[in-house]
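Biologist: I am new to this structure and should be grateful for a close look at one part of it. Please begin at the start of the chain and lead me from there to how the rest is held together.

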Amino acid sequence: MANPSPGNSITLRVEAPSSFTATSELAAAVGGAGAAITALDVTESHHDTLVVDVTCNTTDDDHAARVKDALNALDGVKVQHVSDRTFLMHLGGKLEVVPKVALRNRDDLSRAYTPGVARVCLAIAEDPSAARNLTIKRNTIAVVTDGSAVLGLGNIGPAAALPVMEGKAALFKQFANVDAWPVCLDTQDTEEIIMIVKALAPVYGGVNLEDIAAPRCFEIENRLRAELDIPVFHDDQHGTAIVTLAALVNALRVVGKKLADVKIVVSGVGAAGSAIIQLLKAQGANHIIAAGRSGAIHHGAKYDDEHRSWIAANTNEAGFSGSLHEALKGADVFIGVSAPNVIGEEQVASMAKDAIVFAMANPTPEIDPVIASKHAAVVATGRSDYPNQINNVLAFPGFFRGLLDAGASDIIPEMLVAAAKAIANRVADDELNASYIIPSVFDPHVAADVAAAVAAAARANSAHAATRAVPAHA
């Protein structure tokens with residue numbers, strides 16, 4: 001399961017004898033230690049020695065130490081320094097603010113700042129909606145977190161969550177030219193988060209909630225949607241649901257099954273699991289069993305939160321009350337948004353013929369995808385080092401681009417479905433196969449297609465709302 005990854009890339013500065021075979025011996029030692037070499041550069045050359053930068057992917061810090069030891073074990077070789085390339089990328093953070101206008105002289109300054117800026121301020125005071133055209137609000141998203149559910153790391157707090165939020169903001173800019181800024185809040189109180197986001201809202205054209213633990217994330221999103229005039233999107237819920245639906249649409253095409261007919265088992269009933277179930281239901285899935293830590297959610301039990309209660313009332317029509325493992329017998333689809341290694345080879349083998357397995361827990365999936373592929377026809381994960389990466393970056397940049405372009409103030413289910421269809425359609429019929437059910441995150445057309453689909457759905461909703469608002473006698 002532990003494959004060398006660019007996320008654990010290191011560069012070792014190595015002093016070695018200046019022999020003809022020096023670099024090949026270094027490469028062999030690194031490969032023998034199980035790392036994947038990505039670069040080997042001679043940086044200095046002397047009469048008797050070379051200084052070589054060896055860059056390779058490892059699995060973790062212990063593996064990096066073993067690579068260092070393997071090099072030091074060679075005759076005449078000494079590792080001078082080891083650099084962690086991921087930490088180097090984060091030095092000083094990953095974002096900066098760059099003005100869009102040049103301030104070259106007094107004339108520029110007089111229009112960008114005082115006295116000219118006062119005229120723009122007064123125009124907005126007279127018509128607050130003008131802020132969307134005359135400020136950064138037109139293209140800026142707040143990426144809001146309390147650090148309570150960060151990636152697979154759990155409740156690590158706002159400061160530790162900041163590198164993830166910086167990365168999210170960079171993805172917004174890279175893929176959809178949306179300006180986004182991390183807003184990491186030093187509180188995990190629901191009311192305080194709602195109050196702070198509402199107070200910050202005048203600056204932003206939308207809010208992307210990120211890595212906030214369930215069930216608080218549900219109330220925070222619902223309240224902010226009701227109380228703000230800008231769209232609020234919880235990516236852990238809806239971004240995951242959009243990309244999962246897109247991948248499942250294409251996976252079902254590969255195996256020749258229909259969404260309405262298949263038995264789907266979802267492991268995990270938190271933010272992502274709940275949203276996935278709701279979107280699948282909205283698209284016509286009829287046979288879903290959701291399982292939490294204590295087994296299947298069913299209508300014969302009582303649940304403390306409204307989301308599990310909704311799942312109990314709207315899924316598992318047969319009232320199955322067994323374990324996750326038992327639920328998988330005869331299932332066509334497994335969707336995991338839960339925890340590492342919760343199922344094994346035996347459970348996948350018990351599924352229906354031509355089964356589909358989406359093991360999306362990160363960084364360690366619910367089952368080793370290589371093992372799952374022994375029995376399942378289609379396997380997907382959330383990881384970038386296996387085929388079929390189900391990655392939210394396929395959804396959220398284009399989704400917000402579409403919201404901003406349409407000037408949308410709300411998010412409706414039709415937008416989620418439109419985004420999923422746009423992603424699925426990026427895989428052409430002649431490209432579709434068991435190892436390619438979802439486009440690459442680097443497909444340059446994905447974000448634009450999603451944006452266009454979401455904007456069209458938003459405008460259609462606005463037109464429909466305007467029609468309903470017109471009195472019958474008008």
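Modeller: Let us begin with a single pair of residues: Ser-5 has Thr-58 in β3 as its bridge partner. The model is a predicted one, and what follows describes that prediction. The pair belongs to a wider arrangement, in which strand β1, covering residues 5-17, and strand β3, covering residues 49-58, are antiparallel and joined by 10 bridges. Strand β1 also pairs with strand β4 (residues 78-84), again in the antiparallel sense, through 6 bridges. Within that second pairing, Ile-10 faces Asp-84 of β4. Strand β1 is thus bridged both to β3 and to β4.

The UniProt record, an unreviewed entry, lists residues 11-85 as "domain: ACT". In the model, helix accounts for 32% of residues 11-85 and strand for 45%. The C-alpha atoms at the two ends of this stretch are 7 Å apart.

For context, the whole chain has 474 residues, of which 45% are buried. It contains 18 helices and 14 strands. Measured out along the principal axes, its C-alpha atoms occupy a box of roughly 95 × 75 × 45 Å.

From the strands we may pass to the second largest pocket, which encloses about 1200 Å³ of space. Its lining is made up of 33 residues, and Val-98, Lys-100, Ile-136, Thr-140 and Asp-179 are the closest to its centre. Several elements supply at least two residues each: helices α4 (106-112), α5 (117-126), α6 (131-134) and α7 (158-176), together with strand β6 (179-184). Sorted by class, the lining holds 21 nonpolar residues, with 6 polar and 6 charged ones beside them.

Two of these helices also take part in salt bridges. Side chains of opposite charge can pair when their charged atoms come close. In the model, 22 salt bridges are counted. One of them joins Asp-108 to Arg-111, with 3.1 Å from N to O. Both residues belong to helix α4 and stand 3 residues apart, which is about one turn of the helix. What are the surroundings of the two partners, buried or exposed? The relative accessibility of Asp-108 is 6%, under the 20% limit, so Asp-108 counts as buried. The relative accessible area of Arg-111 is 55%, over the 50% limit, and Arg-111 is therefore exposed. This salt bridge accordingly has a buried acid, Asp-108, and an exposed partner, Arg-111.

Helix α7 contributes to another salt bridge, between Lys-168 and Asp-235, in which N and O are 2.4 Å apart. Because Lys-168 is in helix α7 and Asp-235 is in helix α10 (residues 235-255), this contact ties together parts of the chain that are 67 residues apart in sequence. Lys-168 and Asp-235 are both buried.

Further along the chain, the side chains of Arg-426 and Asp-449 form a salt bridge at 3.4 Å, N to O. This pair, too, links distant parts: Arg-426 sits in the loop between α17 (413-424) and α18 (446-469), whereas Asp-449 is in helix α18, and 23 residues separate them. With relative accessible areas of 24% for Arg-426 and 29% for Asp-449, both lie between the limits of 20% and 50%, and so are partly exposed.

The loop that holds Arg-426 also contains Val-427. The relative accessibility of Val-427 is 2%, so this residue counts as buried. Its C-alpha atom is 8.1 Å from that of Asn-250, although the two positions lie 177 residues apart in chain numbering terms.

Salt bridges also occur as a network, which links Glu-191, Lys-198, Glu-219, Arg-223 and Glu-227.

A last pair of strands offers a contrast with the opening. Strand β13 (residues 356-359) and strand β14 (residues 378-381) are parallel and share 4 bridges, whereas β1 and β3 run antiparallel. Ile-356 has Val-378 in β14 as its bridge partner. From β14, Val-378 and Ala-380 point one way and Val-379 and Thr-381 the other, yet all of these residues are buried.

Conventions: Residues numbered from 1 in each chain as written. Predicted model: local features only at pLDDT ≥ 70, side-chain atom pairs only at ≥ 80, totals over all residues. Heavy atoms only, no water. 1 Å grid on protein atoms, 1.4 Å probe; cavity = no way out; pocket = protein on both sides within 12 Å on 5 of 7 lines; lining within 4 Å. Points joined across faces, edges and corners; volume = space filled by probe spheres on them. Nonpolar A, V, L, I, M, F, W, Y, C, P; charged D, E, K, R; others polar. Pairing = 2+ DSSP bridges. UniProt positions renumbered as here; feature names shortened; annotations may be inferred. Salt bridge = Lys/Arg side-chain N within 4 Å of Asp/Glu carboxyl O. Buried < 20%, exposed > 50% of the residue type's maximum accessible area, 1.4 Å probe, protein only.
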